Amino acid sequence: MYNAIVIGGRCAGAAVGTHLARRGLRVLVVDRSRFPSDVLSTHFIWPHGASHLNRLGVLDQVRAVTPAHTRVTVVNDGIALRGSIPEELLRNQFRLLHGDDSGITTEYFSVRRHVLDQILVDNAVRAGVEFREGYTVAELLQDDDGTVIGIKGRDGTVERAQVVIGADGRNSFVARALGLEKFDERPRCTFAYWSYFSGIPDAEAQIHRRGRLGMAMASTNSGQTMVLTWGPSEWAAGFRADVEGNFHRALGLISEEAAGTVARARREERFYGTLDQAAYLRRLHGPGWVLVGDAGSFKDQCTALGITHALRDAELAAEAVGRWLGGEIDRDTAMAGYAAKRRSQTAAAYYDYVCTLAEMKPLRHDELQLFAVLRGNQAEIDRFLATHVDVAPVSEFFDPSNVFLLNDTAKESSRDHGAFADFEATYREHQRNPFALVAAEATR
């Protein structure tokens with residue numbers, strides 16, 4: 001009899017298992033994969049995610065094999081903003097969510113999953129977790145009143161626990177077995193393609209947006225750089241007609257400088273891609289079960305927060321489950337507290353923010369003006385970046401009074417940028433699919 005069984009042993013699963021084991025609980029983590037192994041992921045970890053890794057005790061291991069930086073450049077239609085996530089805002093967030101701000105770091109990483117997941121699994125085992133890889137769950141066991149009480153493996157083994165935690169991703173077996181419906185689905189999303197290049201010096205991450213296209217470059221493991229490009233899902237079919245050609249074509253449309261850097265580099269792996277970025281929410285808990293990470297909710301990759309939020313969920317869920325199993329509070333109160341933190345008003349606002357970004361509409365004149373007036377105001381640039389990656393509340397930065405104040409104090413600075421030259425014609429041009437002609441020619 002285990003206190004907890006965790007289905008899924010990657011970021012969320014290994015992390016929640018570690019937190020629970022450190023509370024003295026008997027934990028079994030199972031995963032159908034064998035480790036180390038890769039999984040489809042854009043694998044970026046923002047400073048709050050890195051802080052969670054530090055709290056897990058693995059930050060030094062990640063840092064030893066992965067380039068770390070604190071400053072990032074975000075470029076919107078040629079308007080560049082360079083900044084970092086303020087430490088105090090990070091501390092505020094951790095105090096609000098977890099009651100303490102230990103382990104905070106302002107570093108970020110782009111760490112490959114075969115590297116990160118193995119580090120997390122090894123850490124879980126050291127904490128006392130029993131880990132079974134290559135283990136496929138065939139059935140959730142339930143008692144007469146529907147409470148989940150354990151699992152049955154495809155090999156016929158049966159294991160029982162006080163709680164089963166689903167950390168098994170978007171296609172969660174736990175969610176399917178329980179018949180959990182998705183809600184607040186947002187089908188409009190991005191497609192994304194990426195690969196890995198050598199010959200690009202280690203550098204701070206850069207994220208570009210021009211029209212309806214985006215791209216990012218970030219140093220990762222083995223001296224390579226991950227280069228990613230994305231656009232609206234309705235353009236995906238045209239892009240897929242010539243992935244390599246359209247990958248470089250997109251880079252050229254977004255940033256000629258970045259395109260030149262990549263053209264001079266050497267691609268070391270195939271192109272990876274995903275078309276399934278539609279956002280959704282699911283119920284987070286019920287009798288004998290809890291969901292964490294992508295199993296409970298998913299958002300588009302355009303803000304690169306999947307791993308960071310998975311690590312956050314793991315700690316929040318472990319806090320709730322640990323307090324319940326430790327006898328501090330009853331199960332329903334504990335799980336309601338977990339859900340309240342995950343589905344707060346702030347979380348709902350950020351969900352809307354990401355889903356709106358994922359539509360990849362061309363930036364409006366007033367949006368460009370906001371980015372233009374931020375130039376030269378480092379404190380507000382940093383606060384915008386913190387808002388963009390869910391460290392500071394969206395409602396505060398984009399509050400009309402704050403936006404008005406920013407615009408009122410820096411109107412002149414927004415009039416000298418090329419993004420505003422012939423804005424209407426450029427806006428119309430951004431609406432056109434640059435890959436449609438390529439797709440048509442490929443089918444002839």
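This passage walks through a strand with its two partners, a helix and its surroundings, a loop aspartate and a small open sheet. The structure is a predicted model, and every value below is computed from it.

A good place to begin is strand β4, which spans residues 72-76 and is mostly covered, with five of its five residues buried. In a regular strand, side chains alternate between the two faces of the sheet. Both faces of β4 turn out to be covered: Val 72, Val 74 and Asn 76 are buried on one side, and Thr 73 and Val 75 are buried on the other.

Strands of a sheet pair through backbone hydrogen bonds, in either a parallel or an antiparallel manner, and β4 offers an example of each. With strand β5 (residues 79-83) the pairing is antiparallel and rests on five bridges. With strand β13 (residues 206-210) the pairing is parallel, and four bridges join the two. Val 74 is a handy reference point here, since this residue stands opposite Leu 81 in β5 and also opposite Ile 207 in β13. The link from β4 to β5 is a hairpin with two residues between the strands, and Asp 77 in the turn has a positive phi of about 50°.

Attention now moves to helix α5, residues 113-127. Its 15 residues should span 21 Å at 1.5 Å a residue, and because the end C-alpha atoms lie 21 Å apart, expectation and model agree. Buried residues of α5 include Val 115, Leu 116, Ile 119, Leu 120 and Val 121, and polar or charged residues such as Arg 113, Asp 117, Gln 118 and Asn 123 are also among them. The elements covering these buried residues include the helices α1 (11-21), α2 (47-56), α3 (59-65) and α10 (306-325), along with strands β3 (44-45) and β7 (130-133). Just after the helix, Gly 128 adopts a positive phi of about 115°.

Asp 101 lies in the loop between α4 (87-98) and β6 (109-110). Its side chain makes a polar contact of 2.7 Å with the side chain of Arg 95. Leaving aside residues up to four places away in sequence, Asp 101 touches Arg 55, Arg 91, Phe 94 and Arg 95.

Finally, three strands form an open sheet in the order β11-β18-β21, with antiparallel pairing. Its edge strands are β11 (183-186) and β21 (297-298), each of which pairs on one side only. Two bridges join β18 (residues 279-281) to β21, and Tyr 280 stands opposite Phe 298 in β21.

Conventions
Residues numbered from 1 in each chain as written. Predicted model: local features only at pLDDT ≥ 70, side-chain atom pairs only at ≥ 80, totals over all residues. Heavy atoms only, no water. Buried < 20%, exposed > 50% of the residue type's maximum accessible area, 1.4 Å probe, protein only. Pairing = 2+ DSSP bridges. Expected span 1.5 Å × (residues − 1). Contact = heavy atoms within 4.5 Å. Polar contact = N/O pair within 3.5 Å; in protein donor to acceptor, adjacent residues only side chain to side chain.
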